[in-house]
Structures are given as structure tokens and as C-alpha cells.
Amino acid sequence: MHEMSYMINFINMAEDAAKKEPEAKISAIEIAVGEMTGLLPEYLEKYFPEASAGTRCAGARLKIDYIPVRVRCNDCQNIYHPDRDHSYRCPSCASNNATLIEGRELELKNISLE
Ligand SMILES: [Zn+2]
């Protein structure tokens, strides 16, 4: 259920970003959500109408860029998506010395005004 509070947060950010054009309608908002956040895009979408009701985002189109986790192996520089099948190890050299490069995103990327 914490998707709801994140969605409300995004809506607050969108309204903040639209402050300088109080007459405009917010027609779309675009957010980036990384896999590491544990948030599920389908729940964000599901809660959006309820979270946006009565706000300037009501009726806006929600676009979610869901960003899978990607890490870079520090031993062979391979870039991969860690998964349980490989015990989160590098599939090419089996090292588990890796650096996260993508997947922690949680940001409002864009809003469209009409
Ligand atoms: Zn490797």
C-alpha cells in the first residue's frame, strides 16, 4: 500500500512544478521508478486516479519509466541484471563484486501543461 503515499508525493511535486502556470491544466506526468525502490508500476497506476482526485493532476495521463536494476561487475566490467538464478553473481565471471549503476531512480521527470 505504500505506492499510494509515493503517488501522492509525485502529485505534490507535479503541482509544485506547475505553480508558475496556475491557469494551465496538467495533462500528463512522467515519473521514473527504479526496480530497487520495490514499487510496482501497476500499483502506482492503480492508485493514481484516487491519489490525484481533487488535485490539478486529476485526469492527467501517467507515464511510468520503470528502470530495471543494472550493475557493473568490478572484475570484468560486464553489465548485467542481477538475478537469483546466478545468486546475484556476475553471469560471465561469477564475481559478486559489482556496482549499482541503475535502478534506484525515484523522480518526477516531466509534466505536460495544456
Ligand atoms: Zn564479471
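These questions and answers walk through a predicted model of a zinc-binding protein chain.

Reader: What average pLDDT does the protein reach?
Author: The model is predicted, so confidence comes first. Of the residues, 99% score at least 70. The protein averages a pLDDT of 95.

Reader: Where in the protein is confidence highest, and where is it lowest?
Author: Confidence is lowest in helix α1, residues 2-17, at a mean of 95. The highest value is 98. It belongs to strand β2, residues 61-67.

Reader: Which residues coordinate the zinc ion?
Author: The donors are SG atoms, at 2.3 Å from the zinc ion. In sequence they follow the spacing C-x2-C-x13-C-x2-C. The residues are C73, C76, C90 and C93.

Reader: Why does the arrangement around the zinc ion count as tetrahedral?
Author: Four donors count as tetrahedral if all angles lie between 85 and 135 degrees. The four donor atoms here pass that test, because the angles they subtend are 105 to 114°.

Reader: C90 and C93 both bind the zinc ion. Which of them is buried?
Author: Buried means under 20% relative accessible area. C93 has 36%, so C93 is partly exposed. C90 has a relative accessible area of 3%. The buried one is C90.

Reader: In what order do the three strands of the open sheet stand?
Author: β3 pairs with β4 over two bridges. β3 also pairs with β5, over four bridges. Both pairings are antiparallel. The order is β4-β3-β5.

Reader: Which strands stand at the edges of that sheet?
Author: Each edge strand has a single partner, so one side of each is left without a neighbour in the sheet. The edge strands are β4 (79-80) and β5 (98-102).

Reader: Which residue in β4 is the bridge partner of V71?
Author: Strand β3 covers residues 70-73, so V71 falls within this strand. R72 stands opposite I79 in β4. The bridge partner of V71 is Y80.

Reader: What stands opposite C73 in β5?
Author: C73 is one of the zinc donors. β3 and β5 pair in the antiparallel sense. Opposite C73 stands A98.

Reader: Which residues form the covered face of β3?
Author: β3 has two faces, one covered and one uncovered. R70 and R72 make up the uncovered face. The covered face holds V71 and C73.

Reader: What is the phi of Q77 in the turn between β3 and β4?
Author: β3 and β4 form a hairpin with five residues between them. Q77 lies in that loop. At 48% relative accessibility, Q77 is partly exposed. Although Q77 is not a glycine, its phi is positive, about 70°.

Reader: What phi does Y88 have?
Author: Y88 lies in the loop between β4 and β5. Its relative accessibility is 46%, so Y88 counts as partly exposed. Y88 is a residue other than glycine, yet its phi is positive, near 65°.

Reader: Is A14 buried or exposed?
Author: A14 lies in helix α1. Leaving aside neighbours within four places in sequence, A14 is in contact with I26, I29, C57, L108 and I111. Its relative accessibility is 0%, so A14 is buried.

Reader: How far apart in space are A14 and E50, C-alpha to C-alpha?
Author: In sequence the two are 36 residues apart. In space, C-alpha to C-alpha, the distance is 16 Å.

Reader: Which backbone oxygen does the side chain of S52 reach?
Author: S52 belongs to helix α2, residues 41-52. At 1% relative accessibility, S52 is buried. Its side chain makes the approach at 3.3 Å. The oxygen belongs to P49.

Reader: Which residues does S52 contact beyond its neighbours within four places in sequence?
Author: One of them, C57, is also in contact with A14. The full set for S52 is I11, C57 and A58.

Reader: How far apart in space are G38 and R104?
Author: G38 sits in the loop between β1 (26-34) and α2. At 46% relative accessibility, G38 is partly exposed. G38 and R104 are 66 residues apart in sequence. C-alpha to C-alpha, they are 9.4 Å apart.

Key:
Residues are numbered from 1 along each chain as its sequence is written. This is a predicted model: local features need pLDDT of at least 70, side-chain atom pairs count only at pLDDT 80 or more; totals for chains, interfaces and linings use all residues. Side-chain values use heavy atoms; hydrogens and water are left out. Two strands pair if DSSP finds at least two bridges between them. Donors are N, O and S atoms within 2.8 Å of the metal (3.2 Å for Na, K and Ca); water is not among the atoms, so sites may look incomplete. Four donors count as tetrahedral if all angles lie between 85 and 135 degrees; four count as square planar and six as octahedral if opposite donors are over 155 degrees apart and all others between 65 and 115; anything else is irregular. Buried means under 20% relative accessible area, exposed over 50%, partly exposed in between (1.4 Å probe, protein chains only). pLDDT is the predictor's confidence in each residue, from 0 to 100. A polar contact is a pair of N or O atoms within 3.5 Å; within protein, one must be able to donate a hydrogen and the other to accept it, and residues adjacent in sequence count only if both atoms are side-chain atoms. Contact means heavy atoms within 4.5 Å.
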